[in-house]
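I open this notebook to keep track of what I look up, place by place, in a structure that is new to me. The entries follow the order in which I turned to each topic.

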Amino acid sequence: MVRVLARSLVKVVSSVLGQEFAASRTSSVSLPSMYYAMKNSLEGKLYKDYVFAVDKWPDYTAVMGADRTEDMEPSILVFHWNDDEGLRTLLKDDNLFNWKKFFFVRSIPVSGIPIFEEAFKDKGAVIAQTVKTHMVSYLSDTAPAAGSVAIDDVTVGPISPEHCQLVNETWDYGWEGAEDLIRHQMATFISGCVKDRHGKPLSWVIGDQYGESNFGFTLPEHRRKGYYYMAKRYYIQKCLEAGHAIFADVAEGNEASLNAHKKLGYIFDEEPDTAYFFVNMTNV
């Protein structure tokens, strides 16, 4: 029977997942997002409250997290599972989530795509878009070497939340109303940003509540100057200092980003290993 987790049980599951993640940073593409969602929930760092549930207790095989948003706001769902039947149990439950609203499912292994497609079809939920990505991981305990950068009187540091509109406008998955979410990520989590002498952001990367670096972008007129490398290197340094795992998702076909991450020392599979769903949305 599906069980919604009280805070005390979220602590238990989070501890188990943390041990699993520490043992192998690349064991499962769904594990990091779930672990950090639980960790940040317990630390009060999530943008919206989350409800977590398992397929059964105590011998659970699948975990689900869903944020508590209004019906007109998109929700973000995370899943981690070791058994397909456990995942199906969660997806069949009609009390955990309003499957008719619009939502994202993030960071699932590509092998799980057919299970989600079947479940959404059964519920009448419409998949607007499926995005495959490469999970890229930085496993070194030292930061990358300083790169060759065209320094034009720039500085590097965290990005200020006052620039949330710019980040939303340049984010591939931004939407109207996302600025509050982005502002929260900028104010709460590690970021790296190259700015000109007037403080204008030129290139940036921002950690999100699921533990990964996100929102990466360089203004077109400032590309090929080494600024993204500079911003990402700063981000990596700060993550290492904080003991934070370093990973990200790069969309299939984004060779420029994959090459940039390879240059920084990230590792990843040659074929996409991760997928995202955009469900019940009409504007993607």
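**Entry: Asn259**

I began with Asn259, which is partly exposed, since its relative accessible area is 46% and the band for that class lies between 20% and 50%. I note here that I am working with a predicted model. Looking up where the residue sits, I found Asn259 in helix H8, which covers residues 255–264. I then asked how far apart the C-alpha atoms of Asn259 and Asp94 are. They are separated by 42 Å, and along the chain the two residues are 165 residues apart.

**Entry: Lys45**

I kept Asp94 as a reference point and turned to Lys45, which lies 27 Å from Asp94, C-alpha to C-alpha, with their positions 49 residues apart in sequence. Lys45 belongs to the loop between H2 and E2, and with a relative accessible area of 31% the residue is partly exposed. Which residues does Lys45 touch, when those up to four places away in sequence are not counted? I listed Asn40, His184, Thr188, Phe189 and Gln209. One of these, Asn40, is also among the buried residues of H2, so I went to that helix next.

**Entry: helix H2**

H2 has 12 residues, and the distance from its first C-alpha to its last is 17 Å, close to the 16 Å expected at 1.5 Å a residue. I asked why H2 can be called largely enclosed by the rest of the structure. The reason is that 9 of its 12 residues are buried, namely Leu31, Pro32, Ser33, Met34, Tyr35, Tyr36, Ala37, Met38 and Asn40. After the helix comes Gly44, which has a positive phi, near 70°.

**Entry: H1 against H2**

Two packed helices are described by the angle between their axes and the distance between the axes. For helix H1 (residues 7–23) and helix H2 (residues 31–42) I noted an angle of about 140° and axes 9 Å apart. Angles over 145 degrees would count as roughly antiparallel, and the two helices are therefore oblique to each other. The crossing of H1 past H2 is left-handed. On the H1 side the contact is made by Arg7, Val10, Lys11, Val13, Ser14, Leu17, Gly18, Glu20 and Phe21, and on the H2 side by Leu31, Pro32, Met34, Tyr35, Tyr36, Met38, Lys39, Ser41 and Leu42. Sorted by class, the residues of this contact are 11 nonpolar, 3 polar and 4 charged.

**Entry: H3 against H4**

For helix H3 (residues 84–92) and helix H4 (residues 113–123), I found that the axes come within 10 Å and cross at roughly 25°. H3 is therefore roughly parallel to H4, since angles under 35 degrees are put in that class. H3 passes H4 in a right-handed crossing. Which residues of the two helices meet? From H3 they are Asp84, Leu87, Arg88, Leu91 and Lys92, and from H4 they are Ile115, Phe116, Glu118, Ala119 and Lys123. This contact of H3 with H4 holds 5 nonpolar residues, 5 charged ones and no polar ones.

**Entry: backbone details**

I next went through some backbone angles, starting with the peptide bond from Trp57 to Pro58, which is cis, with omega near 10°. Pro58 sits in the loop between strand E2 (50–54) and strand E3 (62–67).

Phe215 has a positive phi, near 60°, although the residue is not glycine. Its place is in strand E10, residues 213–218, and with a relative accessible area of 6% Phe215 is buried.

Arg224 also has a positive phi without being glycine, with a value near 65°. I found Arg224 in the loop between E10 and helix H7 (227–242). Is Arg224 buried or exposed? At 87% relative accessibility, Arg224 counts as exposed.

**Entry: helix H7**

I closed with H7, whose 16 residues should span 22 Å at 1.5 Å a residue, and whose end C-alpha atoms are 23 Å apart, in agreement with that expectation. Its buried residues include Tyr227, Tyr228, Tyr229, Met230 and Ala231, and further along Lys232, Tyr234, Tyr235, Ile236 and Cys239. Just after H7 stands Gly243, with a positive phi of about 70°.

Methods:
Residues are numbered from 1 along each chain as its sequence is written. This is a predicted model: local features need pLDDT of at least 70, side-chain atom pairs count only at pLDDT 80 or more; totals for chains, interfaces and linings use all residues. Side-chain values use heavy atoms; hydrogens and water are left out. Axes are lines fitted to C-alpha atoms, for helices over the stretch in contact, and angles run from 0 to 180 degrees between N-to-C directions. Helices (H or I, at least four residues) and strands (E, at least two) are DSSP runs, numbered from the N terminus. Angles under 35 degrees count as roughly parallel, over 145 as roughly antiparallel, 65 to 115 as roughly perpendicular and the rest as oblique. A crossing is left-handed if the near helix is turned anticlockwise from the far one by less than a right angle, and right-handed if clockwise. Contact means heavy atoms within 4.5 Å. Ala, Val, Leu, Ile, Met, Phe, Trp, Tyr, Cys and Pro count as nonpolar, Asp, Glu, Lys and Arg as charged, and the others, Gly among them, as polar. The expected span of a helix is 1.5 Å times one less than its number of residues. Buried means under 20% relative accessible area, exposed over 50%, partly exposed in between (1.4 Å probe, protein chains only).
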